Amino acid sequence: MNKYYIFFALGVIMYISSCQTTRFPQGEAAYLAYCASCHMEDGKGLKTLIPPLAQADYLQKNSEDLACIIRNGLRAPIVVNGQAYDQPMAGIPNLSDVDINNILNYIKNAWGNDYGTIKLSEVQAQLEGCK
Amino acid sequence: MTTFKYLVLLFAIGAIAACETGNTLSDDGKALPILGERDYENGDTIYHKVPDFSFVNQDSNIVNNETFKDKIYVVDFFFTSCPTICPKVKQQMLRVHDRFKSNDKVYLLSHSIDTKRDTVAKLKKYASALDVKSDKWHFVTGDKDQIYDMADNYFIAAQEDPEAPEGFDHSGRLILVDKDRHIRAFCEGTDPESVDKFMLDIDKLLNE
């Protein structure tokens, strides 16, 4: 009997790990379309060319700047989790305020991130203040 | 109880099948073909051959056919400010790099198609960020027409296109060139499974 429980447990683990659904399906879809080509599906980035979003202290420390980074890009040396990065990221101007809101909620909570959620009004306030 | 057993098994299988990508790799043991058009001359076959080229790499050194004498090499085309497929292709090129790191018969050659903006200094920075060196992986720039001409010769689509993101349109194909300058295999550099198979092709070529 025991081995069937093992199968069952295995099934459950595989089901959860490989078919995990997100709380933010719209954000995930937009992330996959606009960000994953660089930051990768797993949010880990690429070496020191592209910084990670998964478990990235930058997201937490600079939560006020994230909407503007998506819209206008980022062209300054930065440090993420103690590692320096300095390749430019182009802005993605054709994403609407709502798209940006969805993407932010997705990346703040994907890959084990637990950086809370953000409201549309807050996103719009950030966008108003972009430099 | 038996029904429970079957249900459990069924569930486990279902969970596996649901997330399986379903693509198994086959190694048919056949030699790699020589790709491209061929001509016949005096009863002999002339295969498509990579022509002479000369570019400059991230360390300002000349890279030409001599660089790859008696070696095999993997080719791709990219540009450093590419917002679309390039980082994914580079991630896969890195897998090829890491797998053949200690094999001095295998090299990598990445051509920038943005010859105006991708200076040697930019290529150097890019290569360093990937943590790779020019004794294994060359990032080259050079005469624009010659780069695009080489893309044609490697059967890789590349063109300037003001409508495309950041002004360039190109495919993420990887090409395998043998020591006789023949093209022997290719894969889609955005697709890890295609690259798995491509690496088996490299093994095969090394065994020739």
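**Figure 1. Strand 5 and strand 6 of chain B lie side by side.** In this predicted model, strand 5 and strand 6 of chain B run parallel and are joined by seven bridges. To find your place along the pair, look for Tyr73(B), which stands opposite Tyr107(B) in strand 6 of chain B.

**Figure 2. Strand 6 of chain B, seen on its own.** Let us stay with strand 6 of chain B, which spans residues 106–112. How many of its seven residues are buried? Seven of the seven are, so strand 6 of chain B is largely enclosed by the rest of the structure. In a regular strand, side chains alternate between the two faces of the sheet. Here Val106(B), Leu108(B), Ser110(B) and Ser112(B) point one way, while Tyr107(B), Leu109(B) and His111(B) point the other way. Both sets are buried.

**Figure 3. A cavity in chain B.** Rolling a probe the size of a water molecule over the atoms shows where empty space is left. A search of the whole structure finds one cavity of 30 Å³ or more. The largest cavity holds about 40 Å³ of space. Its lining is made up of Asp76(B), Phe77(B), Phe78(B), Ile85(B), Cys86(B), Val89(B), Lys90(B), His170(B), Ser171(B), Gly172(B) and Arg173(B). Strand 5 (72–78) and helix 2 (86–99) of chain B are the elements that give two or more residues to this lining. Strand 5 of chain B may look familiar, as it is the parallel partner of strand 6 of chain B. By type, the lining residues of the largest cavity divide into five nonpolar, three polar and three charged.

**Figure 4. Two sides of helix 2 of chain A.** Now we move to the other chain, to helix 2 (residues 25–34) of chain A. Which residues of this helix are buried? They are Gly27(A), Ala30(A) and Tyr31(A). These residues cover an arc of only 105° around the axis, which puts them on the same side of helix 2 of chain A. On the other side of the helix, Pro25(A) and Ala33(A) are exposed. The buried residues of helix 2 of chain A pack against helix 3 (36–39) and helix 6 (97–109) of chain A.

**Figure 5. Chain A around that helix.** Stepping back, chain A has seven helices and four strands. From the N terminus on, its elements run α-α-α-α-α-β-β-β-β-α-α. Chain A has 131 residues, of which 39% count as buried. Among its contacts between residues at least 6 apart in sequence, 54% join residues at least 24 apart.

Technical notes: Residues are numbered from 1 along each chain as its sequence is written. Chains are lettered from A and ligands numbered from 1 in the order in which they are written. This is a predicted model: local features need pLDDT of at least 70, side-chain atom pairs count only at pLDDT 80 or more; totals for chains, interfaces and linings use all residues. Side-chain values use heavy atoms; hydrogens and water are left out. On a 1 Å grid over the protein atoms alone, a cavity is a set of points where a 1.4 Å probe fits but cannot get out, and a pocket is an open set with protein on both sides within 12 Å along at least five of seven lines; lining residues have an atom within 4 Å of a point. Grid points are joined across faces, edges and corners, and a volume is the space filled by probe spheres set on the points. Ala, Val, Leu, Ile, Met, Phe, Trp, Tyr, Cys and Pro count as nonpolar, Asp, Glu, Lys and Arg as charged, and the others, Gly among them, as polar. Buried means under 20% relative accessible area, exposed over 50%, partly exposed in between (1.4 Å probe, protein chains only). The arc is that of the directions from the helix axis to the C-beta atoms. Contact means heavy atoms within 4.5 Å. Two strands pair if DSSP finds at least two bridges between them.
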